[in-house]
Amino acid sequence: MSRSLAFLSDVHGNLPALEAALRDLDARGVDEIYFLGDAIGKGPSVHEVLSLLRERCRGAVYGNWDRLILSSKDGERFGVPYYRARLNAEERAWLASLPETLELRFAGRSVLGYHGRFSIDRVVTPMLNNERENVEKAMYRFGPHDITVMGDAHHSFLLTNQGRYLLNTGAVGNPCDRMPLVSYLLLHERDGAFSIEHVRVPYDVRRAVSLALRSPDLPMLETYIRETVTAVYSRSYAPQTALPRSPWEDLPLSVYEDYAAREGLSSALSHVLAEQMRDLPAGSVCLLGVGGGSGLAFASALSYEHILGVDVSESFLSACRARFAHLGPRLELLRLDLRDPKARLPHAELLLADLVIEEAGLAAFVRQVALCAPRLLSCVVNLCHTPPGGPFAPAFADIEKQRCDVDPQALVRALEKQGLRMTRLQTYPGGGARLLLRLDFVRP
Ligand SMILES: [Fe+2]
């Protein structure tokens, strides 16, 4: 006896890619086809793609784009109104009827299919960082299934743990793994034997581009064509060309200081900074996110030969320069965006990074730690973040969008890989609901 199932995902309105996948499936005589979301959005072929999926798939779940297009009140984001306007009532009803997950039995195993919006953060990033434990946690997000299949990542993968599988189909119509080939997944059962196959199929990329060009109103047309031709996710282009401006550069220092003072954050941070410098004596110190001079008053009283203050905002640094001119050549102020892959943080014996990892992202921070090679490192992350509200909300809106929570365990693991050993873990009240976690590290 033999049976085979196909899982397709992330067609994104790319008709030539979907047709190539279906031709390949027909040639193989695959029994059942399941679709794991993101039928439309990005590419131009809304009706054709939906009609083929409805005709050929035995089961389907919704993807984040499908939901966004159906239900978002968020007017212009990603060109949502363009796709929404192209849906007829029947197509809208079909998309709205799609469940979040599908479950079936195959080869004596339980199979769960879902799109997996969380998979980028919870699976792909930990996987790339070799954080096995976090990947395994994600594998059980939806319960104890033998096989979990998802899409969304636009990048195929296979993970195993104690006989269970976490599989990603890759994308049919919008692969982002630098191979412009259709990607889908097959599960086979033959005479009791079970096997998994990741399939890549060439398709008519030129036709996909010409269909897009025939839809001149297609939102983000150039981005779509570039992604289709290169199979590189468009956001990956940003660091290679110009780093997007940091929203901190547009925040007036007076607004930040007013906010931090009212919230009790500045006094909380000053207290922690003083303790960090007192507990970790060193010849030189680097303060990341020095702002208008956080910690410099205390640093100036200690016998550092060299004090380096780093911030992304030139206006913060010029205020700092004026306020601490009396430190003379002991103080060096450097404008540096920690997210910039070309940036190189100079060496300092003690590196202080309080509430900056959330802004830079863990990977970018760790890259700079590797370059700076400090003997001592102390950092603070906020365990209970609440976005600035009331009159401060608009000024911080863009900052909030790029901010990410830091998993302390992941931070410790990443720094341990850099040869640093954790020596202290301590919490402090941070003003308001904030809970600040201080972590110290030493290079043995
Ligand atoms: Fe997608």
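**Notes on a predicted two-domain model**

1. Overall make-up first. The secondary structure of the protein comes to 18 helices and 17 strands, and bear in mind that this is a predicted model. The C-alpha trace spans about 80 × 50 × 35 Å along its principal axes. Of the 444 residues, 39% count as buried. Taking contacts with a separation of 6 or more, 68% come from residues 24 or more positions apart.

2. On domains: the domain assignment splits the protein into domain 1 (2-240) and domain 2 (247-442). Their C-alpha centres are 40 Å apart. I'll take the sheet with the lower residue numbers first, then move to the other one.

3. The 5-stranded sheet is open, with mixed pairing and the order S3-S2-S1-S9-S10. Its edge strands are S3 and S10 (193-201), each of which pairs on one side only. At the S3 end, S2 and S3 run parallel and are joined over 2 bridges. If you want to look at a particular pair there, Phe 35 has Ala 60 in S3 as its bridge partner.

4. Helix H2 is worth a look down its axis. The buried residues of H2 are Val 46, Val 49, Leu 50 and Leu 53. Viewed that way, they fall within an arc of 95°, so they line one face of the helix. What do the buried residues of H2 pack against? The list runs to helix H1 (15-28), S2, strand S3 (59-60), helix H4 (80-85) and helix H5 (89-97).

5. Just ahead of that helix, check the loop between strand S2 (32-35) and helix H2 (46-56), where Pro 44 is found. Is Pro 44 buried or exposed? Pro 44 counts as buried because 24 C-beta neighbours lie inside 10 Å, against a threshold of 20 or more. Beyond its neighbours within four places in sequence, Pro 44 is in contact with Gly 13, Leu 211, Ala 212, Ser 215 and Leu 218. His 155, by contrast, is 111 residues along the chain from Pro 44, and their C-alpha atoms are separated by 22 Å.

6. Two backbone angles deserve a second glance. Most residues other than glycine have a negative phi. Lys 42, also in the loop between S2 and H2, has a positive phi of about 85° although it is not a glycine. Asp 10 is another non-glycine residue with a positive value, its phi being near 55°; its place is in the loop between strand S1 (2-8) and H1. Both are buried: Lys 42 has 25 other C-beta atoms within 10 Å, and Asp 10 has 32 C-beta neighbours inside 10 Å.

7. Now the second sheet. This one is open too, with 7 strands in the order S13-S12-S11-S14-S15-S17-S16 and mixed pairing. Strand S13 (331-335) and strand S16 (421-429) stand at the edges with a single partner strand each, so one side of each has no neighbour in the sheet. On average, neighbouring strands are turned by 15° against each other, direction ignored. At the S16 end, 8 bridges join S16 to strand S17 (residues 435-442), and the two run antiparallel. Within S17, Leu 439 stands opposite Leu 425.

8. Which strands does H12 touch as it packs on this sheet? They are strand S11 (284-288), strand S14 (350-354), strand S15 (376-382), S16 and S17. The direction of H12 makes about 160° with that of S14. Helix H14 (residues 314-323) lies across strand S12 (306-311) and S13, and runs at about 165° to S13.

9. Last, the nonpolar cores. The largest has 55 residues, and those with the most contacts inside it are Val 285, Cys 286, Leu 351, Leu 352 and Ile 357. Helix H12 (residues 265-279) supplies the largest share of this core, 6 residues. Apart from it lies another core of 53 residues, including Leu 8, Ala 17, Leu 18 and Ile 147. For a way into the largest core, try Leu 351: not counting residues up to four places away in sequence, Leu 351 touches Cys 286, Val 369, Cys 372, Pro 374 and Leu 377.

Technical notes. Residues are numbered from 1 along each chain as its sequence is written. This is a predicted model: local features need pLDDT of at least 70, side-chain atom pairs count only at pLDDT 80 or more; totals for chains, interfaces and linings use all residues. A nonpolar core is a set of buried Ala, Val, Leu, Ile, Met, Phe, Trp, Tyr and Cys residues joined through C-beta atoms within 7 Å. A residue is buried if 20 or more other C-beta atoms lie within 10 Å of its own, exposed if 12 or fewer, and partly exposed in between; C-beta atoms are placed from the backbone. Helices (H or I, at least four residues) and strands (E, at least two) are DSSP runs, numbered from the N terminus. Two residues are in contact if their C-beta atoms, placed from the backbone, lie within 7 Å. Two strands pair if DSSP finds at least two bridges between them. Axes are lines fitted to C-alpha atoms, for helices over the stretch in contact, and angles run from 0 to 180 degrees between N-to-C directions. Domain bounds come from an automatic or database domain assignment. The arc is that of the directions from the helix axis to the C-beta atoms.
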